Amino acid sequence: MIRYFCGVFLENIIKVENVFKPELFTVLKQGYTKKMFQADLLAGVIVGIVALPLAIAFAVASGVNPAQGLVTAIIAGFLISFLGGSRVQIGGPTGAFIVIVYGIVQQYGFSGLMVSTLIAGVLLVLFGLLHMGSVIKYIPHPLVVGFTSGIALTIFTTQIKDAFGLTVDKLPGDFIGKWSVMLSNMDTTNFVALGLTVLTIIISVFFVKITPKVPGSFVAIIVVTLISTIFNLPVETIGSKFNQIPSSFSFGIPEIDWSNFSNYIGPAVTIAVLGAIESLLSAVVADGMIGSNHKSNTELIAQGIANIVTPFFGGIPATGAIARTATNVKNGGRTPIAGMVHAVTLTLIMLLCGSYAEKIPLSCLAGVLIVVSYNMSEWRSFVSICKGSKYDTVILVVTFLLTVIFDLTAAIEVGMVLASFLFMQRMAAQSSIINVQKDEDSLVDYSKILPKGIEVYEISGPFFFGAAKKYRETIRQFGNEAKVLVIRMRHVPFMDATGARNFSAMLDDLREIKVKIVLSGVNESVFKELSKTGIVSKLGSQNVCSNFDIASQRAKEVIEELNNGRY
C-alpha cells in the first residue's frame, strides 16, 4: 500500500508541469491590453479598500495583531493571484478561519499558529500535486452549509463583547461559557460603544443604496472613526489594545516546538481542508460570473505556497475570499493583475496610513464582523435544507452543532464520516431485488415465455457491502420457490469485494437446496469482479449472460436438464 501511494505521488510530481499552470501566464500569453489593465487597476484598488477593514477585523477576531491580518492580505493575496488557477480570485484572511485560528493561538500561541499554517500550506500543495482539486468539490453541500453557519454564529458570539463594550477581561473558550459570562456582565455595557456598533451596521448595510461602487464597511469605518476621534469618545481602539501598527514588513523563522508538533497536525489538516473548500467554492462562483473555468489543482498549489510563505512574515492562514472575489468581478476585474493590484493597494495603505488605522474603535470592527457573520450565515440555505431530505438535515444540524459547541476540526471530521455513512445507507435503501413478472421495456409476460420452475428476479443498484447482506438473505428466500433463478443485473453498476463474497456465499446456500442460477445483463465491471473472485467459474461461464435473450434460453436448457435428471 505504501509503495502504491509513493508511486502515485512520484508519478504526479513528474507530471507537475501538467498540474501547475498559473492563469496569469496564460493571460499574458494570450495578450494583455491597456484597456484590460485599466479595468484591472480600478477593480484592484476598490478591492484593496474593501479588504482593509476585513483584514483588520478578521485578525482582531482571531486573537492576533491587526497588522498580521494586513500582512496576510498583502503577501498571500499577491501570491494567490500571481500563481493561482483562477483569473479573478482574491485571496487573504477570511471569516471562516477565525474560529480555528483563535483556538490555536489560545492553546499553542502564535508560534503554534505559524507552524500549523506552514503544515497546512504543504498539505495544500500536495492536494494539488495529487490532483485532488476535483475530489474536494464532492464534499456534501449540507456539510459546507453546516460548518459555514456554525462559523457565522461563532463569529457573531465573539463580537458581542466589543459590540457592547463589556468590561470582561477574558472570555471562556467554549460557546456556552462565553454567553454565560457575557450575559452576566451586561450591566457593564458601554452605551457609547454600542451606539457606534449600531451606526457601523446601519452604514455597512444601507450605504449600498447610495452607491454600490464604494463598500459600506469602508465608509462606516471612516465615519465612525472620525466621530470617535473628534469627540474623544470613551471607547477602546485598535491602538489602545494592540499599540502601533508597523509601517514595514519583517521576516522571521518560526520557532517550532517539536514536543508539540503532533498537536499541530489536526489544526493544520482543518486549515488545509477548509482553505481548499473555500477557495474552490469561491473559484466556482467566480467562473459562473465571468464565464470561465479555473484550474483547481493549480489553485490549490497556489493557496499552499501562499500559506507556506506568509508565516515567515508573521501572517495567518489565507484562502480565496468569496465576497472580495465577487467585488473584484463586479468592478471589472478580469485577470490576476487585479488581485495583485489589490495587494499593492493594501501595502500603500499600511505604509502610509497605519497611524490612522490605530484610531479605529473595536466596536466599529465588531459591527463590521456582525454584518459579515450575517452574510456568511447562509440561513436561507439552512432553512431550505431542513425542509428537504432527513439525511441532509442530520448532516447539516450535526455539523452546525459540533462547529458551535466543540470546534471546526471535530465538525469536519465527524461531518464527513456521518455524510459517508448516511450516503451508504441511502444507497443501500435504494438498492433492491424483486420478483418481476414482466419485462419493463417490452412488457412481455415471463410466465408465457418461460417454463414452470423458472423465476425472474431483478437487482437494482450497486452490489456493495451496504446492500450485500440484504441481497443474500432475499435471494436465499427466493430460492425455495424455484428450480432456476434468472437474476437480471442490468441495473447493477458495480460490485465490490463484500458484495462478491456474499454473492458467493449465496450460491453455496442455493447449491444446498439444488437451485440453479443464471445471470443476465452483467456489465464488464461486474463481470471482472465475478471472475476475480471465482464466481464465474463456480457458476459456469455459460450461466453468466450479457443479455436477457441469451439468459432465458440458457435457463430453458437448465430446467430441461433438471427435469430430465441430466443436470
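**Close-up views of a predicted model**

**View 1. Surroundings of Ser86 in the loop between helix H5 (66-83) and strand E1 (91-92)**. Ser86 lies in the loop that runs between these two elements of the predicted model. With a relative accessible area of 3%, Ser86 counts as buried, because this value falls under the 20% limit. A polar atom of the Ser86 side chain is placed 3.4 Å from the backbone nitrogen of Val88. Apart from residues up to four places away in sequence, Ser86 touches Glu23, Ala283, His294, Glu299 and Pro336.

**View 2. Phe147 in the largest nonpolar core**. This core holds 83 residues, of which Ile56, Phe147 and Leu365 touch the most other members. When neighbours within four places in sequence are left aside, Phe147 is in contact with Leu274, Ile277, Thr399, Thr403, Leu408 and Ile412.

**View 3. A second nonpolar core of 25 residues**. This core is separate from the one that contains Phe147. Its members include Tyr457, Phe463, Met489 and Leu510. In soluble globular proteins, nonpolar side chains tend to be buried together.

**View 4. The β-α-β unit formed by strand E5, helix H23 and strand E6**. The unit is right-handed, and its helix H23 spans residues 497-512. Strand E5 (residues 484-491) pairs with E6 in the parallel sense, over 5 bridges. Within this pairing, Ile487 has Leu519 of E6 as its bridge partner. Strand E6 comprises residues 516-520 and is mostly covered, with 4 of its 5 residues buried.

Conventions. Residues numbered from 1 in each chain as written. Predicted model: local features only at pLDDT ≥ 70, side-chain atom pairs only at ≥ 80, totals over all residues. Heavy atoms only, no water. Buried < 20%, exposed > 50% of the residue type's maximum accessible area, 1.4 Å probe, protein only. Polar contact = N/O pair within 3.5 Å; in protein donor to acceptor, adjacent residues only side chain to side chain. Contact = heavy atoms within 4.5 Å. Core = buried A, V, L, I, M, F, W, Y, C linked by side-chain atoms within 4.5 Å. Pairing = 2+ DSSP bridges. Right-handed = clockwise from strand over helix to strand, strands pointing away.
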